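The following exchange concerns the terms applied to a molecular structure. Each term is to be justified by setting a value against its definition.

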Amino acid sequence: MSWRKIDVDQYDEDAYTEDEILAEFEAGLTPQQAEADAQTRASDVRNLMNRGDLNAALTRSLENPPYIRNTDQAKLASTQAVVDVLNAFRASDIASVVKDLGQEQRDVLMKYLYAGMAKPDLFNSSVLLTWHEKLTEVAGTGSIVRVMTDKRTVSFA
């Protein structure tokens, strides 16, 4: 038997699979509950936008991101809600809006920006890049590093 064909990780107690790593982030929600939560959040965001309260709409859209595995519809609905709010802001207002967000909200926004930029056929990349630029100016590159190293994502297939 060649040593190159042996899977040494099977003998390592500390080796975790992706399912084991991500399972700890699932707050006991089923995929159906996550999708219902995303639809409720999207509806709340639309109502706030219709009232003209864009800051509250952005804050609401960034609450409780769907980190659960196998919930592409919930992640798509959440990303769409965030991008809809971002599209409603004027470019001159972006910096002040980003400054009003907390660090965790900025990191979640960065996750949504990357999820949106990964699907240029669905979302306007120029708006997302403008937000990314302003967000990076305010939050620094630390936000990018935190998002890239975080196992919890809002990306969808």
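The questions and answers below concern a predicted model.

Q: What makes the chain one of helices and no strands, and what pattern does the chain follow?
A: The secondary structure comes to 8 helices and 0 strands. Along the sequence, the pattern therefore reads α-α-α-α-α-α-α-α, a helix being a DSSP run of at least four residues.

Q: Why is the pair Arg-60 and Asp-44 called a salt bridge?
A: The closest N and O atoms of Arg-60 and Asp-44 are 2.9 Å apart. The cut-off is a side-chain nitrogen of Lys or Arg within 4 Å of a carboxyl oxygen of Asp or Glu, so the pair qualifies. Arg-60 belongs to helix 3 (residues 54-61) and Asp-44 to helix 2 (residues 31-50), so the salt bridge ties together parts that are 16 residues apart in sequence. A search of the whole structure finds 7 salt bridges.

Q: How do you know whether Arg-60 and Asp-44 are buried, partly exposed or exposed?
A: Arg-60 has a relative accessibility of 16%; buried means under 20%, and Arg-60 is therefore buried. Asp-44 has 28%, which falls between 20% and 50%, so Asp-44 counts as partly exposed.

Q: What makes Asp-44, Arg-60 and Glu-63 a network?
A: Salt bridges link these three residues. Arg-60 pairs with Asp-44 at 2.9 Å, and the side chains of Arg-60 and Glu-63 meet at 2.8 Å, N to O. Both distances are within 4 Å, so each pair meets the definition. Glu-63, at 33% relative accessibility, counts as partly exposed.

Q: Why does the pair Lys-111 and Asp-150 count as a salt bridge, and where do its residues lie?
A: The closest N and O atoms of Lys-111 and Asp-150 are 2.6 Å apart, which is within 4 Å, so the pair is a salt bridge. Lys-111 lies in helix 6 (residues 103-117) and Asp-150 in the segment after helix 8 (141-149), so parts 39 residues apart in sequence are tied together. Lys-111 and Asp-150 are both buried.

Q: Why is the pair Phe-89 and Trp-131 called stacked, tilted or edge-to-face?
A: The structure holds 1 aromatic pair. Its ring centres, those of Phe-89 and Trp-131, are 5.5 Å apart, which is within 6.5 Å, so the rings pair. Their planes stand at 70 degrees, which is over 60, and the pair is therefore edge-to-face. Phe-89 lies in the loop between helix 4 (72-88) and helix 5 (94-100), and Trp-131 in helix 7 (residues 125-139), so the pair ties together parts that are 42 residues apart in sequence. Phe-89 and Trp-131 are both buried.

Q: How do you know that the buried residues of helix 8 line one face?
A: The buried residues in helix 8 include Ser-143, Ile-144 and Val-147. Seen down the helix axis, the buried residues of helix 8 fall within an arc of 100 degrees, so they line one face. An α-helix has 3.6 residues a turn, so residues three or four places apart point the same way. The face of helix 8 turned away from the buried side carries the exposed residues Thr-141 and Thr-149.

Q: What covers the buried residues of helix 8?
A: The cover includes helix 6 and helix 7.

Q: What share of the chain counts as buried?
A: Of its 157 residues, 34% count as buried.

Terms used. Residues numbered from 1 in each chain as written. Predicted model: local features only at pLDDT ≥ 70, side-chain atom pairs only at ≥ 80, totals over all residues. Heavy atoms only, no water. Helix = DSSP H or I, 4+ residues; strand = E, 2+ residues; numbered from the N terminus. Buried < 20%, exposed > 50% of the residue type's maximum accessible area, 1.4 Å probe, protein only. Phe/Tyr/Trp six-rings, centres within 6.5 Å; stacked < 30°, edge-to-face > 60°. Arc of directions from axis to C-beta. Contact = heavy atoms within 4.5 Å.
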